[in-house]
Amino acid sequence: MSIGAEVPRDRAKRLLLGRGRFVDDISLPRMLHLAFVRSTHAHARIEAIDCAEARALEGVVAVLTAAEIADGVASWRAEHKLFPAMAAPEQFALARDIVRWQGEAVAAVVAHSRAVAEDGAELVDVSWTELPNVVDGKQALAPDAPLLHGHMDSNLAYTTVIEAGNTRKAFESADVVVEETFRFHRHTGVSLEARGIIAEFEPGEDRLTVHQSHQTPHQQQDLYARLLGLPEHKVRVICPDVGGAFGLKHHLMADELVACVAAKLLARPIKYIADRMDSFLADIHCRDHEVTARMAFSQAGDILALEVDDLFNAGAYGQYPRTSIAEGNQISRLTGAPYRHEHYRANLAMAFLNKGILGHIRSVGHPIACAVAERLIDLGAGKLELDPIAVRRRNYLHGDDFPRTSVGGVEFEHLSLRDCLDKALTMIDVARFREDQAGLRAQGIYRGLGIATFVELTAIGPEYYGEGGQHISAQETCLMRLEASGTVRCYTGATDQGQGIDTGIQQVAADTLGLPMAAIEVISGDSALCPMGGGSWGSRGAALAGEAALRAASTLRHNILAIAASLLQKDAGCLDIKAGEVVEGGITHMSVAEIARIGHFQPYTIPHGVPADLTVTARYATTGRMFLAGNGLQIATVEVDVESGIVTPLRHLVVHDCGRILNPLLVREQVRGGVVQGIGSALYEELRYDNAGHLLTGSFADYLVPMAGEMPDIEVAHIETPTATSELGAKGAGEAGTAGAVGAILNAVNDAILPLGATIAEVPITPPRLLKALGRI
Amino acid sequence: MKARRISLTVNGEAVACEVPVRLNLVDFLRHELGLTGSHVGCEQGACGACTVLLDGQTVRGCLVLAVQADGATVETIEGAGFDDLLADLRAAFHRLNALQCGFCTPGMLLTAQELLVGNPNPSRAEIREYLSGNFCRCTGYQAIVDAVEAVAVARAS
């Protein structure tokens, strides 16, 4: 069996040789380069754009503004029919009249080289009239706030309440109530390879071919076709090697669309590669929530009720095509989800601000939902003088609680929360840590331990975007083709950005077909070649594309055996395929290669009625369930330097249940990568804006990412509870690391500073914030 | 645009050409010579994706101008290697899944190679410290540290 084995990835070999093929590695004949003039103001009226000097620069081919591209590209609105009341102002590829965030693209310079395009961009002279701006949610929702969008009465993009039971009564009768106001600051995905695109237009055929660093080629094919007015089958989107994505490459980005329009207008290939400043300014951002939450307990430590008020500081517009609602929605639905409680209310207010557009980055909403509930449990346990681990265990959903729809409306087939906790406690001796902790405190060394339990929503079902009206596939189809030599090509709609879904599909196909892995190749990332699918986001590859591959391979296996049975005059039920040979018990009859040869070149020898298709497809989508929920917990220990405010992670462990694991080698490091991103947002990463809406963190000198030296070894263990909803039994695994790390670190830091009478509820926990919490500055 | 003629050796081949004086080394290697294994991640010297060897030392290809490499020897991931150390590192990175997207990997490999040349038996902390100029967003760094450590241990035995 290769499923479950620690199989390294084929694709990695090429990358290790420096022979990857990322978008910027591709050059096409007569290719031109694009650079953008971006808004220097958070909110301003464009009075005039003088492009004369830029156009006169040697090497500049064109300068495009909204006026030049108006006929070439449609506008769009980030609407979602499941949230019909959500405001969805009109958006344009290049700003018209008014800019609403610093970094919004205003003009595009097309030149013979990127350097000259950038020179040209500096020569474009925009006359602005600054408008009053809002960069803070509370300020944005104040009655006299300046409005971002003139047609709206306020900056409130959306508000909703989710309610179950009666929280008011539950809080009144509770023995203990704890409350905290949390601030989760804005950050982003920071893929090492920035966004990039090459768009090529063939006017004779009305054909657009796009190479793009992206997660969802079919979604982009649909969007480019509709926005540029092209027939969909004339648009082909190819995603070559993608240098990290983490959610920031599964949206429509205005600057990338401009590259397509420019290619169409100029009939020459256009390359746009974002630089790091472009990335910080104009990539999708995430988080930026202020959450006030209360939890009610009984004296015995039962959670009685939970209330969550989330002020969501969204960007200037909704993200397209998915909208920005999901992060707020996830927080409303997921907070406290691992725990049994009946009374719940979550309030969401989403405000438009003069900041970059906010959307889906890895583990959407999860880290916030997790950190809020986990911190409240620690606060409650502290007040009740109970062991926080015991309080968690007591309140975990378990056993007969499943299947269950949570008070927040999340469906759980099964969660293995107690098993994960038990496993974790075999990995770390908490009593010993407490002893050491007490001893070290006497020496002025402050260490803390934090636990965070999480649920992980994966493999979204088709209803969310289907009912929302978006053209986003949550279904996966696998096309599997037996070549004449007996090797197999699998074409999938899932895409591989390094997480290794190609290898996972190869393993599933190999096991199902009885072929060695080396006989199977997976082809992905091409909207013209691969069957329509969703791409890779939201931890959907293994669960959906893996199951589709299993189904396609089952059909192909059935056909191979049917042909063999007809040739051998045997009952197909007696035959099996092992290591590429058709066998019957211990007897080897013929090879799959022989069947492939006959099937392709001598089909006349196969009787009518035998299913002899050697190219088959199968599809898979979940039904009646919005997500497949995995779960787990993380335990972090940290040391806080109370003089400098620096937090040093010491140990970090994860126990995770993502159903059946296709390849533990790949899952483990993906979980660790998620943890490191979570530690990044807990301690370092922040997109800071000043009061004028200017981004202060536009480089790696200002926006800090975790490097090897700061990170601890991360111990990862798994509980494996396959989902019964599919034959394969896999759930997604990509969110877990990020989902729990913020809560674990936040609790660990608070545990460390508890004896100093201090608390902190703001992430990232930077030295200045921590020193302020400690009263030192 | 001011240009200057340079001559250098790149991966063992003599190269002579005229380059704009403002062109940096990594853009020269990538776009003039087609050596796209060195990547551009920040153009600010922070991320390490553009790491190449200039006269045997790792440098940031984005912080060195092509004209500064005049007369020098440059090795990129496509050509670099001391004995079989790089091959060992590649094999260990592959076996232990020390890369996902692979964008940081050429820089990581060259930096790890330099570490092991100077310090054949580094501790995990020393490996982490030495690789701290190379940003990886996909892995948790641990598999990379494991791979470098495994090569050091195997070569010591």
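**Chain contacts, domains and local packing**

Chain A and chain B each put 41 residues into the contact between them, with two residues counted as touching if their C-beta atoms, placed from the backbone, lie within 7 Å. This is a predicted model, so local features need pLDDT of at least 70 and side-chain atom pairs count only at pLDDT 80 or more, while totals for chains, interfaces and linings use all residues. As for labels, residues are numbered from 1 along each chain as its sequence is written, and chains are lettered from A and ligands numbered from 1 in the order in which they are written.

On the chain A side of that contact, the elements giving two or more residues are helix H1 (11–16) and helix H19 (664–683); helices (H or I, at least four residues) and strands (E, at least two) are DSSP runs, numbered from the N terminus. H19(A) gives the most, with 7 residues. Sorted by class, the chain A side comes out at 19 nonpolar, 11 polar and 11 charged residues. Here Ala, Val, Leu, Ile, Met, Phe, Trp, Tyr, Cys and Pro count as nonpolar, Asp, Glu, Lys and Arg as charged, and the others, Gly among them, as polar.

Elsewhere in chain A sits an open sheet of 3 strands, ordered S6-S2-S8 with antiparallel pairing (strands pair if DSSP finds at least two bridges between them). Strands S6 (98–99) and S8 (125–130) form the edges, each pairing on one side only. Strand S2 (residues 44–50) is joined to S8(A) by 6 bridges, and A:Ala44 has A:Glu130 as its bridge partner in S8(A).

Chain B splits into domain 1 (3–75) and domain 2 (85–156), with bounds from an automatic or database domain assignment. The C-alpha centres of the two domains lie 23 Å apart. Their contact draws 12 residues from domain 1 and 10 residues from domain 2. Strand S3 (residues 51–54) of chain B supplies the largest share of the domain 1 side, 3 residues. That side has 5 nonpolar, 7 polar and no charged residues.

Within chain B, the axes of helix H2 (residues 85–95) and helix H5 (residues 142–156) come within 9 Å and cross at roughly 130 degrees. That makes H2(B) oblique to H5(B). B:Asp88, B:Leu89, B:Ala92 and B:Phe93 in H2(B) meet a set in H5(B) including B:Ala147, B:Val151 and B:Arg155. By class, this helix contact has 7 nonpolar, no polar and 2 charged residues.

Terms used. Axes are lines fitted to C-alpha atoms, for helices over the stretch in contact, and angles run from 0 to 180 degrees between N-to-C directions. Angles under 35 degrees count as roughly parallel, over 145 as roughly antiparallel, 65 to 115 as roughly perpendicular and the rest as oblique.
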